[in-house]
Amino acid sequence: MKIGVLKETKEFENRVALSPDVVKLLKKKEFEVLVQAVAGEASYFLDKDYTDAGAEVVSLENVFQADVILKVNILTLEEINQMKPGSACISYMYAYQHPDVIEALNKKNITSFSMDAVPRISRAQKMDALSSQANLAGYKAVLLGANHLGKIFPLMMTASGTITPAKVLIFGAGVAGLQAIATAKRLGAIVECTDVRPETKEQVESLGGRFLTVEGAEGVKVEGGYAKEVSAEFLEKQQQLIREKIKEADLVITTALVMGKKSPILVTEDMVKTMKTGSVIVDMAVESGGNCEISVKNETVVKYGVTLIGESNLPSLLPVNASQLYATNISTLLLHLANAQGFIFDPEEEIAKGVLITQDGQLVHAFTKSILK
Ligand code: NAD
């Protein structure tokens, strides 16, 4: 089986789907690997590193001789046009947001697998790119925020006076939020966090954070570990709590996502107006609409004296580690689905069923099907 690795074309993307180390591992398993020239450059992986690992470095056109194309971001229509009919691809797809791509994949009879649809089960942890990338993003969000603050995080007692610790307020204690808590604590801040899932209280506290409980949180529905949309009444209670806490915060990091939906607005424009001059908000949900009403995607702006950071691709700012981990995730999934002779998956097996989006010219994924109709 021939694997093809394309250079990412999306704006602000520095990652690449395979690292040289993972190429070596796939070569040992007798796969052939074609890597587009300079595909790894933005992750500091050179063409020579890939050839040393056993890959063939080829032109864009020649990558499409592969039986399976690996990417970080969803394939473009132009790329699909160049693929061999009946071949396959694996990447993040967010399929329900890209009906035109699904149609193009079906027309070409391409089998596609989506990295964002890997089931959140123990057996699939090594394939879970959402977690590996969110973990790095949570770390980077704290560093970015700290860089834009005019003050330090830890308590410092010096001959010239005592500096009180910075206060960090985090919304959402998923993978990114928990890493943000750990990172901010390591830097010496006082950290508070709120989440709609009450079971996160213990996790927040185990990292040294203070959990802010919203009254009524016990009634919030959770499905497969994900928060479902919450009631207007719950959101109002949460807003009251945020209004109180946000006035004291130096750094606010928002990570609240709702699977398949626009992110909830947790920080309104009026709340930003009440924040301390010089404080910072990092809106990690900006790609799916944002948790802050006035953050701007891919921009850092100052409004009402508050710096609003709307970086939409935080893992890409740590491309070495992000590509290393993503390469492990995508190759583990590939090895679950295929061997050097070809694909061997059972479409009814839980992981294959979760990630399989199109096959034999048909849209097969139940969740995506229900949204795309
Ligand atoms: P996510 O990125 O979907 O959401 C981030 C956090 O925002 C979640 O904790 C969510 O509850 C919270 N949130 C949503 N709406 C909110 C609101 N209005 N206010 C405050 N917070 C809000 O989450 P994730 O990091 O992808 O993790 C989702 C779940 O999957 C978690 O339960 C996690 O433990 C679980 N998980 C399981 C595995 C596994 O078993 N292999 C791997 C990774 C994650």
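**Figure 1. Contacts across the whole chain.** Residues 24 or more positions apart account for 65% of the chain's contacts that have a separation of 6 or more. What you see here is a predicted model, with a mean pLDDT of 94 for the chain and 96% of its residues at 70 or more. For the complex, the predictor reports an ipTM of 0.93 and a pTM of 0.94. Along the chain you can pick out 13 helices and 21 strands. Its C-alpha atoms fill a box of roughly 65 × 50 × 35 Å along the principal axes. A compact globule of 373 residues would have a radius of gyration near 21 Å, and the 22 Å of this chain agrees with that. Of the 373 residues, 46% are buried.

**Figure 2. Two domains and the core they share.** The domain assignment gives domain 1 as residues 2–117 + 319–372 and domain 2 as residues 134–312. Between the centres of domain 1 and domain 2, taken over C-alpha atoms, there are 33 Å. The largest nonpolar core has 110 residues, and Val-168, Ile-253 and Ile-330 are those with the most contacts inside it. At least three residues of this core come from each of domain 1 and domain 2. In soluble globular proteins, nonpolar side chains tend to be buried together.

**Figure 3. A closer look at Ile-330.** Ile-330 is one of the residues with the most contacts inside the largest nonpolar core. Leaving out residues up to four places away in sequence, Ile-330 touches Ala-17, Leu-70, Ile-90, Met-115 and Ala-129.

**Figure 4. The two sides of helix H5.** Helix H5 spans residues 99–107, and its buried residues include Val-101, Ile-102, Ala-104 and Leu-105. Look down the helix axis and the buried residues of H5 fall within an arc of 165 degrees, so they line one face of the helix. Turn to the other side of H5 and you meet Asp-100 and Lys-107, which are exposed. Which elements help to cover the buried residues of H5? Among them are helix H4 (77–82) and helix H13 (366–372), together with strand S6 (111–114), strand S20 (356–359) and strand S21 (362–363).

**Figure 5. Asn-109, after helix H5.** H5 is followed by Asn-109, which is found in the loop between H5 and S6. Phi of Asn-109 is near 60 degrees, a positive value in a residue other than glycine. Is Asn-109 buried, exposed or partly exposed? Asn-109 counts as partly exposed, with 16 C-beta neighbours inside 10 Å.

**Figure 6. Tyr-304, in a loop between two strands.** Tyr-304 is found in the loop that runs between strand S16 (300–303) and strand S17 (306–309). The backbone is worth a look here: phi of Tyr-304 is near 55 degrees, a positive value in a residue other than glycine. With 14 C-beta neighbours inside 10 Å, Tyr-304 counts as partly exposed.

**Figure 7. Gly-138 and Leu-130 in helix H6.** Helix H6 covers residues 129–148 and holds Gly-138; Leu-130 is found in H6 too. Gly-138 is buried, with 28 other C-beta atoms within 10 Å, whereas Leu-130 is partly exposed, with 19 other C-beta atoms within 10 Å. Setting aside residues up to four places away in sequence, Gly-138 touches Val-175, Ala-176, Gly-177, Leu-178, Gln-179, Ala-180 and Thr-183. How far apart in space are Gly-138 and Thr-255, C-alpha to C-alpha? They are 8.5 Å apart, with their positions 117 residues apart in sequence counted as their separation. For Leu-130 and Val-23, 107 residues apart in sequence, the C-alpha to C-alpha value is 21 Å.

**Figure 8. Ala-39, buried in a loop.** Ala-39 is found in the loop between strand S2 (32–36) and helix H2 (47–52). Why does Ala-39 count as buried? It has 26 other C-beta atoms within 10 Å, and 20 or more are enough for a residue to be buried. Apart from neighbours within four places in sequence, Ala-39 is in contact with Val-5, Leu-6, Lys-7 and Val-16. Ala-39 and Leu-18 are 21 residues apart in sequence, and their C-alpha atoms are 9.3 Å apart in space.

Conventions
Residues numbered from 1 in each chain as written. Predicted model: local features only at pLDDT ≥ 70, side-chain atom pairs only at ≥ 80, totals over all residues. Core = buried A, V, L, I, M, F, W, Y, C linked by C-beta atoms within 7 Å. Buried ≥ 20, exposed ≤ 12 C-beta atoms within 10 Å, placed from the backbone. Domains from an automatic or database assignment. Contact = placed C-beta atoms within 7 Å. Helix = DSSP H or I, 4+ residues; strand = E, 2+ residues; numbered from the N terminus. Rg over C-alpha atoms; globule rule 2.2 N^0.38 Å. Arc of directions from axis to C-beta. pLDDT = per-residue confidence, 0-100.
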